[in-house]
Amino acid sequence: MGTLTSVAFAAAVNIRFRSFHRENIKTTITTLPKWQKRLCFSSTEDSHRFRIAKCLGNDENSNRDDSIGENGETHKSSVVKTATFEEEDEETSKSSSTTSSSNEFGSDKTSMPSTIDPTYSSFQIDSFKLMELLGPEKVDPADVKLIKDKLFGYSTFWVTKEEPFGDLGEGILFLGNLRGKKEDVFAKLQRKLVEVASDKYNLFMIEEPNSEGPDPRGGARVSFGLLRKEVSEPGPTTLWQYVIALILFLLTIGSSVELGIASQINRLPPEVVKYFTDPNAVEPPDMELLYPFVDAALPLAYGVLGILLFHELGHFLAAVPKKVKLSIPYFIPNITLGSFGAITQFKSILPDRSTKVDISLAGPFAGAALSVSMFAVGLFLSTEPDAANDLVQVPSMLFQGSLLLGLISRATLGYAALHAATVSIHPLVIAGWCGLTTTAFNMLPVGCLDGGRAVQGAFGKNALVTFGLSTYVMLGLRVLGGPLALPWGLYVLICQRTPEKPCLNDVTEVGTWRKALVGIALILVVLTLLPVWDELAEEVGIGLVTTF
């Protein structure tokens, strides 16, 4: 089980294989000259293969003297056949430049060579070929003109500028001036878009990037992004992803059982105890020694798995009335807490930020409710003489891992119980503790964790950046999470660091009560993950601080 986390990380990274390659391609494209970048992302009706071939200078039609223009007429190609530019007569050069600019480069009047710079590496060329296979379809320029004419205007949104939109510039961002209440204008534009372009595109209302000031009507300035549906909407879950999810769930079951065995540390053979407690122990003990303890470990394993499943059930129950589809959860095993939680992807575009907050909070709140119940019942049973045979011995220093939970345990079990080397507790206490800790980690305001999504929906993407940086610093300094900070920080960086994509309406703010819920949740997260410092532990009697 010692390698569970590594296997889980590798599988989780594989889930994001596609986004990794897109970022790789995007980085490669930025190294090209201006004319080649424009050609690679040109909004023409050509196929991907034709566009990429032209970008690489391998167009099989580049040797022809004639090519077809946008108006359907043939004209002389302006592509230069050699790497060295030779002077042409003024009239021919002017005609060629004008034709090229109208069909390929917009306002750019420069000619384009057809040969590839020999300095380009084979990796860059391979990236172009990969982009041909993975690159998204761009918005049809004819549709852009039609949509601009039919949707926007004096009564809705007056367009003053157009920019690329999307991860690879495959969409169009319309910038301009809003001529009405943003929610009413957006609803009207969505209705018109269906009439004009049927079910071909998605329209996003987002905050204007690099805005110089607020909107005169109040609030942030808005702009509208246009993307093809097949580009902007998440794809369906594949068979391979189901296989990965099943493997990860089986590994999570194993890590939960291992947690249950580790909770019986006072009963385990010495060689097994050494493996669990000695950081220098590398070789695992004979697994047959653990078989007698599996039955006793199952209740705790069931508790941990039940909290995880209840967490995911909360997400799905909140998504159903919103008509939002979710992916199958990818549980990530962890040998310390049983699991890191699960990666659950949105398989639909979220309509607004309120929906993002509701679905993001539903899972942690459901998991926390069950965890609190187990924790409370476990503490009660720990004080009952009738349940003495079910209790397990754990080091009292474990209660210093959480300020909130440690103080609650101290108030319930008393000074004498916690101010000792070991504490007798019911396994439900461990299950509830692990569930609350896992829930708190998943509510950290960073990336696309539940907390990151909730903060992004409640306070905006800029707030998420600030919260995220603060979270990384506190994890790095072990201010939050103590010894668990490093593995959780690595988990977030590898699997969950990317913020969630914008909603269709990514501008309208959520209500005050949703912001309050997110704020209260973050306060509880900090209190749960903040360790008990030595001075307080000594004063209230949590563990034998002087003996450490």
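How far apart do the end C-alpha atoms of residues 388–408 lie, and what share of the span is helix and what share strand? The legends below describe close-up views of a predicted model, and the second view returns to this span.

**View 1. The whole chain provides the setting for the close-ups.**
The protein chain contains 21 helices and 10 strands. Of its 548 residues, 48% count as buried. The accessible surface of the chain comes to about 27400 Å², and 60% of this surface belongs to carbon and sulfur atoms. Among contacts between residues at least 6 apart in sequence, 74% join residues at least 24 apart.

**View 2. Two spans come from the UniProt annotation "transmembrane region".**
According to the UniProt record, this annotation covers residues 242–262, 290–310, 326–346, 361–381, 388–408, 416–436, 474–494 and 516–536. In the model, residues 361–381 are 100% helix and 0% strand. The end C-alpha atoms of residues 361–381 are 30 Å apart. For residues 388–408, the end C-alpha atoms lie 21 Å apart. The span 388–408 is 29% helix and 19% strand, which answers the opening question.

**View 3. A nonpolar patch on the surface includes I247.**
The residues L239, W240, Y242, V243 and I247 make a nonpolar surface patch of about 550 Å². I247 is located in helix α10, which comprises residues 239–262. Is I247 buried, partly exposed or exposed? I247 counts as partly exposed because its relative accessibility is 45%.

**View 4. A521 is a buried residue of helix α20.**
Helix α20 comprises residues 512–529, and A521 is found within it. A521 counts as buried because its relative accessibility is 8%, and the cut-off for buried is under 20%. Which residues does A521 touch, not counting those up to four places away in sequence? On that basis, A521 touches F365 and M443. A further residue to locate in this view is G451: the C-alpha atoms of A521 and G451 are separated by 8.7 Å, although the two residues are 70 residues apart along the chain.

**View 5. T160 is an exposed residue of strand β3.**
Strand β3 comprises residues 157–165 and includes T160. With a relative accessible area of 54%, T160 is exposed, since the cut-off for exposed is over 50%. Leaving aside residues up to four places away in sequence, T160 touches L175, G176 and N177. T160 and G176 are 16 residues apart in sequence, yet their C-alpha atoms are 4.7 Å apart in space.

**View 6. K145 and D149 form a salt bridge within helix α7.**
Side chains of opposite charge can pair when their charged atoms come close. The structure holds 11 salt bridges, and one of them joins the side chains of K145 and D149, at 3.3 Å from N to O. Why are K145 and D149 separated by about one helical turn? The reason is that they are four residues apart in helix α7, which comprises residues 141–151. K145 counts as exposed, at 57% relative accessibility, whereas D149 is partly exposed, with a relative accessible area of 47%.

**View 7. E208 and R221 form a salt bridge between buried partners.**
The closest N and O atoms of E208 and R221 are 3.3 Å apart. Both residues lie in the loop between β5 (201–207) and β6 (222–228), so the pair ties together parts that are 13 residues apart in sequence. E208 is buried, with a relative accessible area of 17%, and R221 also counts as buried, at 17% relative accessibility.

**View 8. R453 and E500 form a salt bridge between distant parts of the chain.**
The side chains of R453 and E500 meet at 2.9 Å, N to O. R453 is in helix α17 (residues 450–459), while E500 is in the loop between α19 (485–496) and α20, and the two are 47 residues apart. Both R453 and E500 are buried. Elsewhere, salt bridges that share partners join K322, D358 and R514 into one network.

**View 9. C434 and C503 are two buried cysteines.**
A disulfide is a covalent bond between the sulfur atoms of two cysteines. How many disulfides does the structure hold? The structure holds zero disulfides. C434 is buried, with a relative accessible area of 6%, and C503 counts as buried at 0% relative accessibility.

Terms used. Residues are numbered from 1 along each chain as its sequence is written. This is a predicted model: local features need pLDDT of at least 70, side-chain atom pairs count only at pLDDT 80 or more; totals for chains, interfaces and linings use all residues. Side-chain values use heavy atoms; hydrogens and water are left out. Patches are made of residues with over 30% relative accessible area and no salt bridge: like charges are joined within 9 Å, nonpolar side chains (Val, Leu, Ile, Met, Phe, Trp, Tyr) within 5 Å. Accessible areas come from the Shrake-Rupley method with a 1.4 Å probe; for residues, only the protein chains shown count as cover. A salt bridge is a side-chain nitrogen of Lys or Arg within 4 Å of a carboxyl oxygen of Asp or Glu. Buried means under 20% relative accessible area, exposed over 50%, partly exposed in between (1.4 Å probe, protein chains only). UniProt positions are given in the numbering used here, feature names are shortened, and annotations may be inferred rather than shown by experiment. Contact means heavy atoms within 4.5 Å. A disulfide is a pair of cysteine sulfur atoms within 2.5 Å.
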